[in-house]
Amino acid sequence: MAGYVGALDQGTTSNRFIIFDHDGRIVGVDQKEHEQIFPQPGWVEHDSLEIWRNTQDVIRGGLAKANLMGSDLAAIGITNQRETTVVWDKNTGKPFTNAIVWQCTRTDQICKALSREQGQNRFRDKTGLPITTYFSGPKIKWILDNNDRSRTAADKGEALFGTMETWIIWWLTGGPGKGSHVTDVTNASRTMLMDLHTLDWDEEILQILGIPRQILPRIVPSSDSKTWGTTLKDGPLGARIPLCGALGDQQAALVGQTCFDPGDAKNTYGTGCFLLLNTGHFPVLSRRGLLTTLSYRIDDQPPVYCLEGSIAISGALVQWLRDNLGLITRASEIENLANTVEDNGGAYFVPAFSGLFAPYWRSDARGVIVGLTRYVNKGHIARAVLEATAYQTRDIVETMNTDSGVELTSLKVDGGMVGNELLMQFQSDILGMPVIRPKVSETTALGAAYAAGLAIGFWSGRKELRQNWVKDKTWHPAMDPALRESYFRQWKKAVDRTFNWVE
């Protein structure tokens, strides 16, 4: 068997191809950003054809940097930004519109109409999800309702829907006339169209949203020994390599962190911030604003579920400070700027740019900076930006403890922001618990590699994967408990100020 596994990480801001060895170590990586398209306030789009071109580029680039050929890989896994929605012509491969990104709020009126009769939790018992602009189902409806060509093609059976892993798998396995049209259970569980118990598309919800079942992909396990096809010899890998692993990015990080037991949790700090808690083989429904979703499924084994707290804006707030305000020129500079002051100077920043996600689910909210005085300078603003992610995480942890009945005692962390020492220490302080970073922080891509490798026997099972996990650093709380609670009360007051902005 070839000695490596490749993982494509199709993220919100970039594509990366990472190659791992048997010990879970990175041997090659390439990355390429794609354009963020904002047609009007609250709307966010991607060019899915650009993403496919970039996918091919980073696969070739990753192989070249590792000095490997495609045939050196035993399998390919994919992880992706979830909920982002593309509908395309099955005969030409051309999308009918730009992809609608998970952050986009254009489906607000659709969601309000769906909630009018039975409330925001109308479909929660089946799907584990509230009705919000976050999920794919309303995005599909918006495309079909607002693009006549897509509706005509869908009715004729000539259109396909997918989240981004479905789009990439279809192209990698041959595209028009050949491509495999599949989605794994974790991504399917983010559409608001899949029944958590049957792991199949729900006919009643499809009828309510006016979505033809024939455009939907086949739902498959996250790690599938049957495979979904192979890459093409004339494709970017230059070899026929099995595609057999796929996970939504946050579930991939859960697997990469080897959170295989009920009660295991991780938090990923990326464009958004996502805390997932493994709840075992039975879905735990939340009534306090968390999501019930699939963690993963390996072949025909019973599925594993989780509770999730989703935060829309974390790392994206640092990008906003850089790109929109110009207070820093590189994202990495924010830590030094924040370290020029001792605290936030009384300033709090709630980044409700697209409304608030868990546990509030308020699409009417918009971002605020509160507590400003003449004393506050750019260092305080930088610190408030970082602290916003930590405060939002505490909101999630408190809700998750109540919903699950399990008190978290420590938190595994990963993602692009975990190199920020100030943020990680403040996160530990405001939670009052240890925060643990692994040696390999690219856990999202690693989880996709694990899913593919398990499917073809590259790794023997979850026990072997646990042996690959190594701790890098632990932060311990050092803040006075009374000060911690005072800070958090001020944060909650700031959150209240964001509500009812959009009428």
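**Exercise 1. Which residues point one way from strand 21, which point the other way, and are they buried or exposed?**

The structure is a predicted model, in which local features need pLDDT of at least 70, side-chain atom pairs count only at pLDDT 80 or more, and totals for chains, interfaces and linings use all residues. Residues are numbered from 1 along each chain as its sequence is written, and side-chain values use heavy atoms, with hydrogens and water left out.

Step 1. Helices (H or I, at least four residues) and strands (E, at least two) are DSSP runs, numbered from the N terminus.

Step 2. In a regular strand the side chains alternate between the two faces of the sheet.

Step 3. Val-435 and Arg-437 point to one side of strand 21, and Ile-436 and Pro-438 to the other. All are buried, where buried means under 20% relative accessible area, exposed over 50% and partly exposed in between (1.4 Å probe, protein chains only).

**Exercise 2. Determine the order and the edges of the open sheet of seven strands.**

Step 1. Two strands pair if DSSP finds at least two bridges between them. The order is 16-17-15-14-20-21-22, with mixed pairing.

Step 2. Strand 16 (291–296) and strand 22 (471–475) are the edges; each has a single partner strand, so one side of each has no neighbour in the sheet. On average, neighbouring strands of this sheet are turned by 30 degrees against each other, direction ignored.

Step 3. Strand 14 (residues 265–269) and strand 20 (residues 411–414) run parallel and are joined by three bridges; Thr-268 has Asp-414 as its bridge partner in strand 20. Strand 20 also pairs with strand 21 in the parallel sense, over two bridges, and Lys-412 has Ile-436 as its bridge partner in strand 21.

Step 4. Across strand 14, strand 20, strand 21 (435–438) and strand 22 lies helix 13 (residues 421–431), running at about 55 degrees to strand 22. Axes are lines fitted to C-alpha atoms, for helices over the stretch in contact, and angles run from 0 to 180 degrees between N-to-C directions.

**Exercise 3. Describe the open sheet of five strands and a helix that lies across it.**

Step 1. The order is 3-2-1-5-13, and the pairing is mixed. Strand 3 (26–33) and strand 13 (243–248) stand at the edges, each with a single partner strand, so one side of each lacks a neighbour in the sheet.

Step 2. Five bridges pair strand 5 (residues 73–80) with strand 13 in the parallel sense; Gly-77 stands opposite Gly-245 in strand 13.

Step 3. Helix 6 (residues 164–172) lies across strand 1 (4–10), strand 5 and strand 13, at about 145 degrees to strand 5.

**Exercise 4. Classify the ring pair of Tyr-134 and Phe-357 and locate its two residues.**

Step 1. Rings of Phe, Tyr and Trp (its six-membered ring) pair if their centres lie within 6.5 Å; planes under 30 degrees apart count as stacked, over 60 as edge-to-face and the rest as tilted. The whole structure holds 25 aromatic pairs.

Step 2. The ring centres of Tyr-134 and Phe-357 are 4.5 Å apart and the planes stand at 35 degrees, so the pair is tilted.

Step 3. Tyr-134 lies in the loop between helix 3 (124–127) and helix 4 (136–146), and Phe-357 in the loop between strand 18 (348–350) and strand 19 (368–370), 223 residues apart. Both Tyr-134 and Phe-357 are buried.

Step 4. Tyr-134 and Phe-357 belong to one aromatic cluster with Trp-102, Phe-135, Phe-274 and Trp-361.

Key: Contact means heavy atoms within 4.5 Å.
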